[in-house]
Amino acid sequence: MDFQTSFFTYCPNCQSTDFDFNDLVKFHCNACEFVYYHNIAAAVAVVFTFEDKLLFTVRNEDPDKGTLDLPGGFIDPKENAESAACREIKEELDLDIQPSDLKYITTSPNQYLYKNIPYRTMDIFFECALTSDKISIKARNEIKDLVWIKRNEIDVSMIGFVSIKTVISDRYSQ
Ligand SMILES: [Zn+2]
């Protein structure tokens, strides 16, 4: 076992160090047969549009603090993706949107290192057209700033997450 690539030092069940955790997907303890799947998590991101501009957030926390991001977050257990998007938008921007306001765009895989645990996610992207660019931050612990950027002025190197970089460069930046 290569401990450089595992975030477990011991089996959580029996404390053995004799385990496999290939690609950080399936943890299997050879001593007690304990099995744990480190499955991907689902998350949502919302691309707000106004005229020829897109709304980006500036991350105020790690991972990737200071980089451009999109509003959104992890989907809670028993929640669907549209509800998660509406909840996150309310929490982060104090904006009321409905599932019917959201247009499905695509999905893209991401990596999310949090306190040395590498989470892998499937990010589900929605688009939402706004009739005003007057948006304010509610979750100041998460969001440092909001910026509207014209499609032809987007610098994808300023975006932190690979999933968002991919979707913005493939579908939005000109
Ligand atoms: Zn064990």
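1. Helices and strands are here DSSP runs, numbered from the N terminus, a helix having at least four residues and a strand at least two. Read in this way, the predicted model has two helices and 10 strands, and from the N terminus on its elements follow the order β-β-β-β-β-β-β-α-β-β-β-α.

2. For the protein as a whole, the C-alpha trace spans about 60 × 35 × 30 Å along its principal axes, and 42% of the 174 residues are buried. Among the contacts with a separation of 6 or more, 55% are made by residues 24 or more positions apart.

3. In soluble globular proteins, nonpolar side chains tend to be buried together. In this model the largest nonpolar core has 21 residues, and Val44, Phe48 and Leu102 are the ones with the most contacts inside it. Two or more residues of this core come from each of β4 (41-50), α1 (81-93), β9 (117-129) and β10 (143-150), while α1 gives the largest share, six residues. A second core, separate from this one, has 18 residues, including Leu54, Val58, Val167 and Ile168.

4. Val44 is a useful residue from which to look around the largest core. With its neighbours within four places in sequence left aside, Val44 is in contact with Pro71, Gly72, Gly73 and Ile75, with Ala81, Ala84 and Ala85, and also with Ile124 and Phe126.

5. Helix α1 deserves a point of its own. The helix has 13 residues and reaches 18 Å from its first C-alpha to its last, which is close to the 18 Å expected at 1.5 Å a residue. At its N-terminal end α1 is capped by Asn80, with a side-chain oxygen 3.2 Å from the backbone nitrogen of Glu82, and after the helix comes Asp94, whose phi is positive, near 55°. The buried residues in α1 are Ala81, Ala84, Ala85, Cys86, Glu88, Ile89, Glu92 and Leu93, and the partners against which the buried residues of the helix pack are β4, β5 (53-59), β7 (72-74), β9 and β10.

6. Glu92, which lies in helix α1, is buried yet has no salt bridge, and the nearest side chain of opposite charge, that of Arg59, is 7.3 Å away. Not counting residues up to four places away in sequence, Glu92 touches Pro71 and Gly72 as well as Ser136, Ile137, Lys138, Ala139, Glu142 and Ile143.

7. Glu127, found in strand β9, is likewise a residue to inspect: Glu127 is buried and without a salt bridge, the nearest side chain of opposite charge being Lys103 at 4.2 Å. A salt bridge would need a side-chain nitrogen of Lys or Arg within 4 Å of a carboxyl oxygen of Asp or Glu. The side chain of Glu127 does, however, make a polar contact of 2.6 Å with the side chain of Tyr172. Leaving aside neighbours within four places in sequence, the residues in contact with Glu127 are Val47, Thr49, Asp101, Leu102, Lys103, Ile105 and Tyr172.

8. Lys150 has its place in strand β10, and this residue counts as partly exposed because its relative accessibility is 37%, a value that falls between the cut-offs of under 20% for buried and over 50% for exposed. Once neighbours within four places in sequence are left aside, Lys150 is in contact with Asp52 and Lys53. The C-alpha atoms of Lys150 and Tyr172 are separated by 9.7 Å, the two residues being 22 residues apart along the chain.

Methods: Residues are numbered from 1 along each chain as its sequence is written. This is a predicted model: local features need pLDDT of at least 70, side-chain atom pairs count only at pLDDT 80 or more; totals for chains, interfaces and linings use all residues. Side-chain values use heavy atoms; hydrogens and water are left out. A nonpolar core is a set of buried Ala, Val, Leu, Ile, Met, Phe, Trp, Tyr and Cys residues joined through side-chain atoms within 4.5 Å. Buried means under 20% relative accessible area, exposed over 50%, partly exposed in between (1.4 Å probe, protein chains only). Contact means heavy atoms within 4.5 Å. Lys and Arg count as positive and Asp and Glu as negative; His and the chain ends are not counted. A polar contact is a pair of N or O atoms within 3.5 Å; within protein, one must be able to donate a hydrogen and the other to accept it, and residues adjacent in sequence count only if both atoms are side-chain atoms. The expected span of a helix is 1.5 Å times one less than its number of residues.
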